[in-house]
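Q: I would like a close look at a single part of this model, followed by an account of what surrounds it. Please keep it to what can be read from the structure.

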Amino acid sequence: MHTALTRANALVAYTMSVLASLTFLCFVSTFFNEYQVHADIDTVKVVVKNVPDYAAGKEKNDLGFLTFDLQADLNPLFNWNVKQLFLYLTAEYETPNNKLNQVVLWDKIILRGENALLDYRSMNTKYYFWDDGNGLVAHKNVTMTLSWNIIPNAGNLPRIMSNGKHTFAFPESYTTSRVM
């Protein structure tokens, strides 16, 4: 005859095995879904200033200011295994000092059940667009992309880029007046 503790241990072990199997089935049921949507990104106003970086002494670095338009319908990304989306808008460019520069300009978290239709006009960036030198002025090839992480109930955490990209150029000269 088994004791009550042995029977409880067997019941808990069996329950955990069933729950682990169900969690794995949840993960597999949405693993092969295509989480791609198109995003329309456009820049409205782009200026660059040369300002002192007080953290690094008195040297001056480029600081870009821009406003952007963003339209995307993210509703198709949600299913029963998606808790939330972590969106972020990045700018990528190349300078003589660095082969690849990536700057996060804006981010947003969208929970399941919230409005996932993005329609932003003339939005300011949420974070500064600093360059570690003078690589922004007259730069002709800065590419903005919208990416997201899907936060699932069960499964992996993919990083996905939207189908739409936008390339823009910074002006040839610095702006000296106050912007935005």
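Where is the place of His139?

A: The model is predicted. His139 sits in the loop that runs between strand E6 (129-130) and strand E7 (142-152). With a relative accessible area of 13%, which is under the 20% cut-off, His139 is buried. A polar atom of its side chain lies 3.1 Å from the backbone nitrogen of Asn141. Leaving aside neighbours within four places in sequence, His139 is in contact with Tyr93, Glu94, Phe168, Ala169 and Phe170.

The loop that holds His139 also holds Lys140, and Lys140 forms a salt bridge with Glu172, with 2.2 Å between the closest N and O atoms. Lys140 belongs to the loop between E6 and E7 while Glu172 belongs to the segment after E8, so the pair ties together parts that are 32 residues apart in sequence. Both partners are open to the surroundings by the accessibility criterion: Lys140 is exposed, at a relative accessible area of 52%, and Glu172 is exposed as well, at 54%. His139, by contrast, is buried.

One of the contacts of His139, Glu94, takes part in another salt bridge. Its partner is Lys99, and the closest N and O atoms are 3.6 Å apart. Lys99 counts as exposed at 65% relative accessibility, whereas Glu94 is partly exposed, with a relative accessible area of 44%. As a general point, side chains of opposite charge can pair when their charged atoms come close. A search of the whole structure finds four salt bridges. Among them is the one in which the side chains of Lys126 and Asp107 meet, at 2.7 Å from N to O. Lys126 is in the loop between strand E5 (117-124) and E6, and Asp107 is in strand E4, so this pair ties together parts that are 19 residues apart in sequence. Asp107 counts as buried, at 15% relative accessibility.

Two other contacts of His139, Tyr93 and Phe168, lead to Phe129, since both also appear among the contacts of Phe129 because their heavy atoms lie within 4.5 Å. Beyond its neighbours within four places in sequence, Phe129 is in contact with Asp62, Leu63, Gly64, Leu66, Ala91, Tyr93, Val103, Leu105, Leu136, Val142, Phe168 and Phe170. Phe129 is also a member of the largest nonpolar core, which has 35 residues. Leu74, Leu85, Leu87, Phe129, Met144, Leu146 and Trp148 touch the most other members of that core. The elements that give two or more residues to this core are strand E1 (39-52), strand E2 (60-73), strand E3 (82-93), strand E4 (101-111), E7 and strand E8 (159-168). E3 supplies the largest share, six residues.

Leu89 is found in strand E3 and counts as buried, with a relative accessibility of 0%. Its contacts, again without neighbours within four places in sequence, are Ile41, Phe68, Val103, Val104, Leu105, Trp106, Met144, Thr145 and Leu146. Between Leu89 and Thr145 there are 5.7 Å from C-alpha to C-alpha, although the two are 56 residues apart in sequence.

Ala116 gives another buried position, at 0% relative accessibility, and lies in the loop between E4 and E5. Not counting residues up to four places away in sequence, Ala116 touches Ala72, Asp73, Leu74, Asn75, Phe78 and Ile110. Among these is Leu74, which is one of the core residues that touch the most other members. Ala116 and Asn101 are 15 residues apart in sequence, and their C-alpha atoms are 29 Å apart.

The N-terminal part completes the account. Thr3 is in the segment before helix H1 (4-31) and is partly exposed, with a relative accessible area of 47%. Its side chain makes a polar contact of 3.0 Å with the side chain of Thr6. Tyr14, placed in helix H1, counts as exposed at 58% relative accessibility. Thr3 and Tyr14 are eleven residues apart in sequence and 17 Å apart from C-alpha to C-alpha. Tyr14 also helps make a nonpolar surface patch of about 1,100 Å², together with Val12, Met16, Val18, Leu19, Leu22, Phe24, Leu25, Val28, Phe31 and Phe32.

How values were computed:
Residues are numbered from 1 along each chain as its sequence is written. This is a predicted model: local features need pLDDT of at least 70, side-chain atom pairs count only at pLDDT 80 or more; totals for chains, interfaces and linings use all residues. Side-chain values use heavy atoms; hydrogens and water are left out. Helices (H or I, at least four residues) and strands (E, at least two) are DSSP runs, numbered from the N terminus. Buried means under 20% relative accessible area, exposed over 50%, partly exposed in between (1.4 Å probe, protein chains only). A polar contact is a pair of N or O atoms within 3.5 Å; within protein, one must be able to donate a hydrogen and the other to accept it, and residues adjacent in sequence count only if both atoms are side-chain atoms. Patches are made of residues with over 30% relative accessible area and no salt bridge: like charges are joined within 9 Å, nonpolar side chains (Val, Leu, Ile, Met, Phe, Trp, Tyr) within 5 Å. Accessible areas come from the Shrake-Rupley method with a 1.4 Å probe; for residues, only the protein chains shown count as cover. A nonpolar core is a set of buried Ala, Val, Leu, Ile, Met, Phe, Trp, Tyr and Cys residues joined through side-chain atoms within 4.5 Å.
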